[in-house]
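Biologist: I should like to learn how to read helix packing and strand pairing in a model. May we take the features one at a time?

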Amino acid sequence: MTIRETMLALLKQSGDTFISGEEISKQLGVSRTAVWKHIEELRQEGYVFEAVRRAGYRLLSTPDVMIVEEVKVGLATQAFGQHVHYYTEIDSTQNRCQELAKEGAPEGTLVVADTQTGGKGRLGRVWHSPPGTSISMSLLLRPQLELQRCPQLTLLAAVAIVEAIRAIYEIPAEIKWPNDVLIDGKKICGILTELNAEADRINWLIIGMGINVNTLPEQFPEDVLGVATSLRIVKGEPLRRVPLIQEVLRRLEELYDLYVAEGFAQVRKRWEACAITIGKRVTIRTLHGSFTGVAEGIDDSGVLLVRKDDGELTNVYAADVEV
Ligand code: BTN
């Protein structure tokens, strides 16, 4: 942990009790002036401290920021998110994560941004993330898998996000194939997986997640307003972003470890349990046209199995699905 991470952890642990500058400097092994400098830096980020002569400091309020220290203090993972890169503004966290991957960044490296100027969605679409509203993050994985198993990891990410939202907010979030997370039929989160591979070997894979946390209706572009929502709209109050990041990372790591140890079966079961698509009549729109049928499940490569009205079972690889 860095000095600032340890300091923030100390101040959070002390709660309402003051902790003296001397105590902090002793525990951190730095000078009192250094402690004061870090406190001032954190104040610039929006943290509010009460400082009382002789008593010391206490933390009065924490801003809704996703800076490295905030993400790492209280993060219950071994690897996921243990290397965090935070940007207030960036073109796309996917692009930055690609660069870090090329430079040899370890598995679990996370890039987080408050806003993206060139956010990428699936199928070449644009992803909007106005400042202060959402979580835009990209996680670097270096799995030793056959190429054709990669889509399973996108499904795994959707399960982790849905389960995290259900656990923290008690909201019945659901998955729409392949990996949209919906609440009340409206999209709250999108996942974009990008792969860097050679003929038979994965170099790395980046899972990009965009979660609408505090977005207000007027902040959605007109064309998505009818089909998108945010946790704030659903809960009726603003929410903090970091606890959700930490819970998603914790669940992602747990599921990933399970997947590496035991394969896809458990993930598939949990995906199907969260999916609205399964067992329903769906309209499938592909580049080549559309058809209707009943979605029966997914196979091991994440392909959607749809029983067409004429009885034929079809594999759907890439499409927009209407339930
Ligand atoms: C989709 O539903 O179309 C996928 C959206 C994925 C958006 C996330 S936000 C973080 C990461 N960076 C990007 O540029 N895109 C993904």
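Modeller: Let us begin with the crossing of H6 and H9, which is right-handed (the near helix is turned clockwise from the far one by less than a right angle; anticlockwise would be left-handed). The model is predicted, so local features need pLDDT of at least 70 and side-chain atom pairs pLDDT 80 or more, while totals for chains, interfaces and linings use all residues. Residues are numbered from 1 along each chain as its sequence is written, and side-chain values use heavy atoms, without hydrogens and water.

Biologist: At what angle do helix H6 and helix H9 pack?

Modeller: Helix H6 (residues 151–169) and helix H9 (residues 242–262) pack at about 135 degrees, their axes 8 Å apart. H6 is therefore oblique to H9 (under 35 degrees is roughly parallel, over 145 roughly antiparallel, 65 to 115 roughly perpendicular, the rest oblique). Their contact comprises 18 nonpolar residues, one polar and three charged.

Biologist: How should strand pairing be read, and in which sense do E7 and E8 pair?

Modeller: Two strands pair if DSSP finds at least two bridges between them. Strand E7 (residues 180–183) and strand E8 (residues 186–198) pair in the antiparallel sense over three bridges, with Ile183 partnering Lys186 in E8. They form a hairpin with two residues between them, and Asp184 in the turn has a positive phi of about 50 degrees.

Biologist: How many bridges join E8 to E9?

Modeller: Ten bridges join E8 to strand E9 (residues 201–212), and the two run antiparallel. Glu194 stands opposite Ile206 in E9. E8 and E9 also form a hairpin, with two residues between them.

How values were computed. Axes are lines fitted to C-alpha atoms, for helices over the stretch in contact, and angles run from 0 to 180 degrees between N-to-C directions. Helices (H or I, at least four residues) and strands (E, at least two) are DSSP runs, numbered from the N terminus. Ala, Val, Leu, Ile, Met, Phe, Trp, Tyr, Cys and Pro count as nonpolar, Asp, Glu, Lys and Arg as charged, and the others, Gly among them, as polar.
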